[in-house]
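Trainee: Before we talk about what this model shows, I would like to go through the terms used for it and ask how each one is earned.
Mentor: Then let us take them one at a time, setting each value against its criterion.

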Amino acid sequence: MDVQTLTFIFVGVTFAIYIGIAIWARAGTTDDFYVAGGSVPPLANGMATAADWMSAASFISMAGIISFVGRDGAVYLMGWTGGYVLLALLLAPYLRKFGKYTVPDFVGDRYYSDIARLVAVVCVLFVSFTYVAGQMRGVGIVFSRFLEVEITTGVLIGMTIVFFYAVLGGMKGITYTQVAQYCVLIFAFLVPAIFISMLMTGNPVPQLGFGSTLVDGSNTYLLDKLDQLSVELGFSAYTAGNKSTIDMFFITAALMVGTAGLPHVIVRFFTVPKVRDARISAGYALVFIAILYTTAPALASFARVNLINTVHNAEYKTTPSWFKNWENTNLIAWVDKNQDGKIQYSAGKAFDGKPQFIETRGPEGERKISNSPTDTRNELYIDRDIMVLANPEIANLPNWVIALVAAGGLAAALSTAAGLLLVISTSISHDLLKKMFLKDITDRQELFFARMSAALAITIAGYFGIHPPGFVAQVVAFAFGLAASSFFPVILMGIFSKRMNKEGAITGMVIGLTFTAGYIIYFKFINPSANSAENWWFGISPEGIGTLGMLFNFMASSLVSRFTAPPPKEITDMVDDIRIPQGAGASYHHVKS
Amino acid sequence: MSDSHSPEAKAYWKENIRLVLSLLAVWFVVSFGMAILLVDALDNIRFFGFKFGFWMAQQGSIFCFVILIFIYVYKMNKLDHKYGVDEDRDDFARDDTYYHDEEPEK
């Protein structure tokens, strides 16, 4: 069977499963809708958290980025896993004991202030919308490449599916579809990795194949070979770093702390029955995440070797079909600078900016572009995002593996999108309406508003997916920077410092946010030409600035809280209460009554 | 909780903080320490087909994170038990319908 038919079958079957689960797990109350009734078993929550967390970026883009930057890719690997240690040790158990529905709930109650709640809601909405736009785009890319439908149609199909289970099932529906989606995505990620590891190193475990010798008879280690190839083509060695140490440090910290502060991840720990379950499910979640995150760097190095071997000095006419397929989706471009009909691949950009394709074809049949070529020898443009999706084709794996990867990419994008949409709808119906503007609505009305806002959020997300704002890539730094500089310090201090009061928390959040947002906006939007190491503060890039924003937040809040009135007694009693696991079941009782 | 101001509760919290800080120290050393600050020095050590610093940055630190969480879970459960604040003694939990099916009484 051809790839397209297989892809239709795989995608169709997985979508049918997701819809089936949605019908089975309908939400009847706001409790079901927001936190799945607080009844999710820890292992299932671990899987759901992993799927919730691993987005189109983790599945599709991350290995590709590592493949092109080598050792420096560790900022993502460590940044997006190390945050779970912070989450498990510092936040999850206490937030579960607190036992409400959202992060703004905690901020508003702990700091006895609707202003604090409102600041938190604004941050939640901003972070989540930023993120969800990228997911819908991922859905569109997979559909357009593998099923050859328009990106718009792809996004609409994705929206319909998410609409179905997020609006019907709420958190309950989302949780169990995420469990299914985790299984799909991890299988889809591992199968090609195992195949390729076998082919290249003879070792079926990619994590071990990564450090093994090649089977080409040369008896050299894979990574040594890759270092050698990279240097030959004018790149720096794959296992050497290019980023400055201070920048590595700050970016990793911002991603870790940002991860721990992301609302759609935090809310997953509200769904388990007990404090003990919150702790262990953070452990399970990290195991499930680590399976992908330790495979990704191995896959990245395999893909890099394969890519260089396949395309460098190859004649365009004889390149395999994947090369032309991806060229047709605008993600690969080739300019024959020396007109020898062969693809020369080396360090440096082949031309300025993204390829602007024009209608005509070149002498070899390649698509021509209007960009002006650079002086480098490099003739090839490859979008990093295609590495995972193209990998099975580059390695000549069977068609069903290629189809599987498409279904996996969709599972990763849809699971994260659903988690984010739920957070958005909860913020609107619960934090804004129920807690601030329409305090007397009944549970049924609140549930209705929750469904309406989920539907609205999906529509907006879909719009961004079809008409992506040009700045999606840039705003990802925003999401983590804002989570790191606002939520993390406020929640942490709320648990670990009884002296922290509303004046301190609000000042801290505002200073952390303003500083971080200002720095990112300046370098990414106002003055992008100045965005280089010599202009950065202490050499910290906008991606890492959230760490400094977080430190400012801590300093400002500690200072201000020292000179203002301590929090009232019922607040310090509440802090005492959340520090002790006993009675976690009770917190749902007072919510329900 | 009526007993949350008791010396017992204070001692529990103190032990908790000590445990968390020691685990976070390890967390810092394996990630920021070995994989970022000392990575070039560790790259001189060969670890199977890897340079050791590179391996810590792309594999080793992640394994350490997983182990750290499981140590935390194990130690905290013991600590809860020692101070009698674990949820098995939670009378409220016993008759709460949410756990009825999954948590048989001992």
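**Values and criteria**

Trainee: What makes the radius of gyration of chain A agree with that of a compact globule?
Mentor: In this predicted model, chain A has a radius of gyration of 24 Å, and because a compact globule with 593 residues would have one near 25 Å, the two agree. Along its principal axes, the C-alpha trace of chain A spans about 80 × 55 × 45 Å.

Trainee: How many helices and strands does chain A have, and what share of its residues counts as buried?
Mentor: The secondary structure of chain A comes to 22 helices and six strands, and 60% of its 593 residues count as buried, the criterion being 20 or more other C-beta atoms within 10 Å of a residue's own.

Trainee: What makes the largest nonpolar core a core, and which residues have the most contacts inside it?
Mentor: A core is a set of buried nonpolar residues joined through C-beta atoms within 7 Å, and the largest such set has 228 residues, with Leu185(A) and Leu421(A) having the most contacts inside it. Helix H8 (residues 151-201) of chain A gives the most to this core, with 22 residues. Leaving aside neighbours within four places in sequence, Leu185(A) is in contact with residues including Ala51(A), Phe59(A) and Ala412(A).

Trainee: How many residues of chain B are in contact with chain A?
Mentor: There are 46 residues of chain B in contact with 53 residues of chain A. H3(B) gives the most to the side of chain B that touches chain A, with 16 residues, and the residues of that side divide into 30 nonpolar, eight polar and eight charged.

Trainee: Where is the kink in H1(B) centred, and against what do the buried residues of this helix pack?
Mentor: The kink, of about 30°, is centred on Val29(B). The buried residues of H1(B), among them Trp27(B) and Met34(B), pack against helix H5 (74-98) and helix H11 (245-261) of chain A together with helix H2 (39-42) and H3 of chain B.

Trainee: Which elements of chain B have the lowest and the highest mean pLDDT?
Mentor: H4(B) has the lowest, 46, and H3(B) the highest, 95, while the mean pLDDT of chain B is 83. Over residues 91-106 of chain B pLDDT stays under 50, and the model has 17 contacts beyond four places in sequence for them.

How values were computed:
Residues are numbered from 1 along each chain as its sequence is written. Chains are lettered from A and ligands numbered from 1 in the order in which they are written. This is a predicted model: local features need pLDDT of at least 70, side-chain atom pairs count only at pLDDT 80 or more; totals for chains, interfaces and linings use all residues. Helices (H or I, at least four residues) and strands (E, at least two) are DSSP runs, numbered from the N terminus. The radius of gyration is taken over C-alpha atoms; the globule rule is 2.2 Å times the number of residues to the power 0.38. A residue is buried if 20 or more other C-beta atoms lie within 10 Å of its own, exposed if 12 or fewer, and partly exposed in between; C-beta atoms are placed from the backbone. Two residues are in contact if their C-beta atoms, placed from the backbone, lie within 7 Å. Ala, Val, Leu, Ile, Met, Phe, Trp, Tyr, Cys and Pro count as nonpolar, Asp, Glu, Lys and Arg as charged, and the others, Gly among them, as polar. The bend at a residue is the angle between axes fitted to the seven residues ending there and the seven starting there. pLDDT is the predictor's confidence in each residue, from 0 to 100.
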